[in-house]
Amino acid sequence: MKRAVVFSSKLGSVKVIADRIAEATGADKFDLADGAPDVSGYDWIHLGSGIYMGNPPKEVQDFVAANRDKIDRMSLFVACTLCGTRGDGMTRTLAKRFGIADAMYYDKPESQVNVPESKLEEYISGLV
Ligand SMILES: Cc1cc2nc3c(=O)[nH]c(=O)nc-3n(C[C@H](O)[C@H](O)[C@H](O)COP(=O)(O)O)c2cc1C
């Protein structure tokens, strides 16, 4: 199965998760800040995003619009600070909007770049 991690990270937290997933799974990695990648030929995309003013960045929305129908399997991971206990619901809503069944949310109340290690390990162990 050919995988890619595709992500947008303005402040660095999503990148921490993206790096770990790519390392654990051997997936290729594409930062949407470098432009929209050509992901034809990939079977599984791990899509990562932060939430800014209630929404993922435009490059994430554009990537999904352009590729969701072409990719067999897409998973979503989200990092946001202000969602608090509403983070899981917010992530599920976003996943539904994107047509993605598998979604994970990282709450980071303390720091802009602080991804809980135990949750990250558990998530990654479910992907490999
Ligand atoms: C300008 C700005 C707006 C934000 N808006 C939201 C928001 O509406 N909801 C939320 O939960 N987090 C919000 N955040 C927090 C980010 O989603 C959070 O820091 C996330 O981890 C960013 O991912 P990144 O570090 O990969 O960029 C905002 C952060 C910034 C800088």
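Author: A residue is called buried if 20 or more other C-beta atoms lie within 10 Å of its own, and exposed if 12 or fewer do. By that rule, buried residues make up 38% of the 128 residues in the chain of this predicted model.

Reader: How confident is the predictor, and which elements have the lowest and the highest mean pLDDT?

Author: The mean pLDDT of the chain is 85, and 85% of its residues reach 70 or more. Among the elements, strand S5 has the lowest mean, 72, whereas strand S2 has the highest, 98.

Reader: How many helices and strands does the chain have, and in what order do they run?

Author: There are 4 helices and 5 strands in the chain, and from the N terminus on they follow the order β-α-β-β-α-β-α-β-α.

Reader: Why is Ala 4 called buried?

Author: Ala 4 has 21 other C-beta atoms within 10 Å, and the cut-off for a buried residue is 20 or more, so Ala 4 counts as buried. Its place is in strand S1, and, leaving aside neighbours within four places in sequence, Ala 4 is in contact with Ala 27, Asp 28, Phe 30, Val 39, Tyr 42 and Ile 45.

Reader: What makes strand S1 as a whole largely enclosed?

Author: Strand S1 covers residues 3-7, and 4 of its 5 residues are buried, so the rest of the structure largely encloses it.

Reader: How do you know that S1 pairs with S3 and with S2?

Author: Two strands pair if there are at least two bridges between them. S1 and S3 (residues 44-50) have 5 bridges in the parallel sense, and S1 and S2 (residues 28-31), which also run parallel, are joined by 4 bridges; both counts reach the cut-off, so both are pairs. Val 5 can be followed in each of them, since it stands opposite His 46 in S3 and has Lys 29 as its bridge partner in S2.

Reader: What do S1, helix H1 and S2 make together, and why does the length of H1 agree with its number of residues?

Author: S1, H1 (residues 13-25) and S2 make a right-handed β-α-β unit. At 1.5 Å a residue, the 13 residues of H1 should span 18 Å, and its end C-alpha atoms are 19 Å apart, which agrees with the expected value. Buried residues in H1 include Val 14, Ile 17, Ala 18 and Ile 21. An α-helix has 3.6 residues a turn, so residues three or four places apart point the same way.

Reader: Which residues have the most contacts inside the largest nonpolar core, and which element gives the most to it?

Author: That core has 32 residues, and those with the most contacts inside it are Ala 4, Val 5, Val 6, Leu 76, Val 78 and Ala 103. S1, H1, S3, H2, S4, H3 and S5 each supply at least two residues of the core, and S4 gives the most, with 6 residues.

Reader: What makes S4 mostly covered, and how is S4 joined to S3?

Author: In S4, 7 of the 8 residues are buried, and that is what makes it mostly covered. Strands S3 and S4 run parallel and are joined by 7 bridges, one of which sets Trp 44 opposite Arg 73. With H2, these two strands make a right-handed β-α-β unit.

Reader: Why do Ala 33 and Met 53 count as exposed?

Author: A residue is exposed if 12 or fewer other C-beta atoms lie within 10 Å of its own. Ala 33, in the loop between S2 and S3, has 12 such neighbours and so counts as exposed. Met 53, in the loop between S3 and H2, has 6 of them, so it is exposed as well.

Reader: What is the phi of Met 53, and what is the phi of Gly 26?

Author: Most residues other than glycine have a negative phi. Met 53 is not a glycine, yet its phi is positive, about 50°. Gly 26, which follows H1, also has a positive phi, near 75°.

Terms used. Residues numbered from 1 in each chain as written. Predicted model: local features only at pLDDT ≥ 70, side-chain atom pairs only at ≥ 80, totals over all residues. Right-handed = clockwise from strand over helix to strand, strands pointing away. Expected span 1.5 Å × (residues − 1). Contact = placed C-beta atoms within 7 Å. Core = buried A, V, L, I, M, F, W, Y, C linked by C-beta atoms within 7 Å. pLDDT = per-residue confidence, 0-100.
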